[in-house]
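Here are some short exercises to work through with the model open beside you. Try each task before reading its solution.

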Amino acid sequence: MSEFTKVTRVALVGSGFVGSSYAFALFNQGLAAELVIIDANRPKAEGDAMDLNHGLPFASNMRIWAGDYSDCKDADLVVITAGANQAPGETRLDLIGKNARIFQSIVQSVMESGFNGLFLVATNPVDVLTYATWKYSGLPASRVIGSGTILDTARLRYLLGERLEVDPRNVHAYIMGEHGDTELPVWSNVSIGGQPLADYRKTHGQPTDEELNRIFINVRDAAYHIIERKGATYYGIAMGLARLTKAILKNENSVLSVSTLLTGEYGLEDVYLGVPAVVNRQGIRDLYELHLTDEEKQKLHHSASVLKEAIASIFPS
Ligand SMILES: NC(=O)c1ccc[n+]([C@@H]2O[C@H](COP(=O)([O-])OP(=O)(O)OC[C@H]3O[C@@H](n4cnc5c(N)ncnc54)[C@H](O)[C@@H]3O)[C@@H](O)[C@H]2O)c1
């Protein structure tokens, strides 16, 4: 294909709850010209492609089809949402064994197509599987991105916005670390419309420490609460993946909390975990290293050590 006829193509691997919700978000936002859907359950991919195509008269033009790995050759972005999800009571790290095996074959098949774009991974445990995708693909780490704490960060911004009666888009706050039980809120860097949360609390005498802690626990345990009620979570993450797709394909240089390889930042290396990073058409452009308190640093290191142990279960040194 010449550079004049090249159109943006997203390949989605895994069209379950998360994948099909992402496809719907991508289509509604008109973020790519082509979407190819690949799933081990071929009829599911075909059904989703048919169903989405029937929405074409109501949306922007997009070519959507159920395909196979050879279609990844011309993809700008491969988004992986394939694999098992958490059963009630199961942690994300419990999924490692099942999903690592699936990933080895998926990433190998994508690379054999001649793919030369970016990977975006959402399957859990996302930090470990993004690391695995980086290793299996041989691509530079900047081109292998995990959804990381993008959803946890969104949940924190939503709950803080609700508590303070402020549009969540004006709440700057991050959850960092594992997308899972050891994640942490970075309270020291929260600002509301530019005002540091610490200043706001001094003036207003609230939210109290206890309230903030309750908000964080709600964020950390949100997936468990949703899974108990409806079996899976998918709309929030699908919108987060669409947001990341937009930042990548439209070369936005957006600061988003994603899972990326640390190479000395925060005193950590050889681990993928959620940190704020600048995302554009090349993938991860930069990491803005936040100034953390000693307690936050210690929690981040704990999260990294749990992830490193999980990574070592797939890639023993
Ligand atoms: N990162 C996040 O914030 C976040 C949020 C929610 C869910 N998730 C994760 O996303 C993943 C998917 O969740 P879901 O609810 O969509 O699950 P699901 O079971 O509904 O869908 C998984 C899909 O993957 C397909 N699949 C399985 N093995 C495959 C293979 N080898 N090749 C191609 N396709 C294959 C299945 O056929 C199925 O359609 C889970 O790991 C879940 O934990 C991540």
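**Exercise 1: the last helix**

Task: compare the expected span of helix H10 (residues 294-314) with the distance between its end C-alpha atoms.

Solution. Step 1: at 1.5 Å a residue, the 21 residues of H10 should span 30 Å, where the expected span is 1.5 Å times one less than the number of residues. Step 2: the end C-alpha atoms are 31 Å apart, which agrees. Helices (H or I, at least four residues) and strands (E, at least two) are DSSP runs, numbered from the N terminus.

Before going on, note that this is a predicted model, in which local features need pLDDT of at least 70, side-chain atom pairs count only at pLDDT 80 or more, and totals for chains, interfaces and linings use all residues. Residues are numbered from 1 along each chain as its sequence is written, and side-chain values use heavy atoms, with hydrogens and water left out.

**Exercise 2: the two sides of H10**

Task: find which residues of H10 are buried, and what covers them.

Solution. Step 1: buried means under 20% relative accessible area, exposed over 50%, and partly exposed in between (1.4 Å probe, protein chains only). Step 2: the buried residues of H10 are Glu296, Leu300, Ser303, Ala304, Leu307, Ala310, Ile311 and Ile314. Step 3: because they cover an arc of only 120° around the axis, they sit on the same side of H10; the arc is that of the directions from the helix axis to the C-beta atoms. An α-helix has 3.6 residues a turn, so residues three or four places apart point the same way. Step 4: Asp294, Glu295, Glu309 and Ser313 are exposed on the face turned away from the buried side. Step 5: the cover over the buried residues includes helices H3 (96-112) and H4 (126-137), along with strands E8 (175-176), E9 (184-185) and E13 (269-280).

**Exercise 3: domains and cores**

Task: work out how the two domains meet and which of them supply the largest nonpolar core.

Solution. Step 1: the domain assignment, which is automatic or from a database, gives domain 1 (9-146) and domain 2 (149-314). Step 2: their centres, taken over C-alpha atoms, are separated by 23 Å. Step 3: 41 residues of domain 1 are in contact (heavy atoms within 4.5 Å) with 41 residues of domain 2. Step 4: a nonpolar core is a set of buried Ala, Val, Leu, Ile, Met, Phe, Trp, Tyr and Cys residues joined through side-chain atoms within 4.5 Å. The largest has 47 residues, and Val78, Ile80, Phe119, Met176, Tyr266 and Leu273 have the most contacts inside it. Step 5: this core draws at least three residues from each of domain 1 and domain 2. A second, separate core of 38 residues includes Leu35, Ala66, Ala238 and Leu241.

**Exercise 4: backbone checks**

Task: which peptide bonds that lead into Pro125 and Pro207, and which phi values at Asn253 and Asp270, deserve a look?

Solution. Step 1: most residues other than glycine have a negative phi, and most peptide bonds are trans. Step 2: the bond from Asn124 to Pro125 is cis, with omega near -5°, and Pro125 is in the loop between strand E5 (118-121) and H4. Step 3: Gln206 and Pro207 are also joined by a cis peptide bond, with omega about 0°. Step 4: phi is positive, near 55°, at Asn253, and Asp270 has a positive phi near 55°. Step 5: Asn253 counts as partly exposed at 34% relative accessibility, and Asp270 counts as partly exposed at 40%.
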